[in-house]
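Welcome to this guided tour. Open your viewer, load the model and get ready to select things as we go.

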Amino acid sequence: TNNGKINVAMHFIQENYTRHLSVKEIAEEVGLSAEYLSSQFHKLTDTTLPSYITKRKIAEAKNLLRFTNMSLA
């Protein structure tokens, strides 16, 4: 996006997708309130933060299944 704080939030999610992430934790990381971050994120990406986190986790799982010998377990 063209919003630095949203980009930082997206990068933080990418770097920490293996952990349980809360909107509050991400907001603290980027220095915004959870409510403001949520509304701006949705406005700029047309998706909610929890949905984006889930999509990132699914994308990474697909990559692991496709490009490694890891099992489904």
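Start with the whole chain in cartoon view: its secondary structure comes to 4 helices and 0 strands, where helices (H or I, at least four residues) and strands (E, at least two) are DSSP runs, numbered from the N terminus. Read along the sequence, the pattern is α-α-α-α. This is a predicted model, in which local features need pLDDT of at least 70 and side-chain atom pairs count only at pLDDT 80 or more, while totals for chains, interfaces and linings use all residues. Residues are numbered from 1 along each chain as its sequence is written, and side-chain values use heavy atoms, with hydrogens and water left out.

Now show the C-alpha trace, which spans about 40 × 20 × 15 Å along its principal axes. Of the 73 residues in the chain, 25% are buried; buried means under 20% relative accessible area, exposed over 50%, and partly exposed in between (1.4 Å probe, protein chains only).

**Stop 1: helix H3**

Select residues 34-45. This is H3, with 12 residues. From its first C-alpha to its last it reaches 16 Å, close to the 16 Å expected at 1.5 Å a residue (the expected span is 1.5 Å times one less than the number of residues).

Which residues of H3 are buried? Show side chains for Leu37, Gln40 and Phe41. Look down the axis of H3: these buried residues fall within an arc of 105°, so they line one face of the helix. The arc is that of the directions from the helix axis to the C-beta atoms. A general rule helps here: an α-helix has 3.6 residues a turn, so residues three or four places apart point the same way.

Turn to the face of H3 away from its buried side, and you will find the exposed residues Glu35 and Lys43. Then bring in helix H1 (4-16), helix H2 (23-30) and helix H4 (49-67), against which the buried residues of H3 pack.

**Stop 2: H1 against H3**

Keep H1 and H3 on screen. Their axes come within 10 Å and cross at roughly 95°; axes are lines fitted to C-alpha atoms, for helices over the stretch in contact, and angles run from 0 to 180 degrees between N-to-C directions. H1 and H3 are therefore roughly perpendicular to each other (65 to 115 degrees; under 35 is roughly parallel, over 145 roughly antiparallel and the rest oblique). Select Ile6, Ala9 and Met10 in H1, which meet Leu37, Gln40, Phe41, Leu44 and Thr45 in H3. Contact means heavy atoms within 4.5 Å.

**Stop 3: the loop after H3**

Select aspartate 46, in the loop between H3 and H4. Aspartate 46 has a positive phi of about 60° although it is not a glycine. Is aspartate 46 buried or exposed? At 66% relative accessibility, it counts as exposed.

**Stop 4: helix H4**

Move on to H4, whose 19 residues reach 27 Å from first C-alpha to last, close to the 27 Å expected at 1.5 Å a residue. Its buried residues are Leu49, Tyr52, Ile53 and Glu60. They cover an arc of only 100° around the axis, which puts them on the same side of H4. What covers them includes H1, H2 and H3.

Add H1 again: the axes of H1 and H4 come within 10 Å and cross at roughly 40°, and the two helices are therefore oblique to each other. Here Met10, Ile13 and Gln14 in H1 meet Leu49, Tyr52, Ile53, Arg56 and Glu60 in H4.

**Last stop: asparagine 63**

Asparagine 63 is in helix H4 and is partly exposed, with a relative accessible area of 32%. Try your distance tool from asparagine 63 to tyrosine 36: they are 27 residues apart in sequence and 32 Å apart in space, C-alpha to C-alpha.
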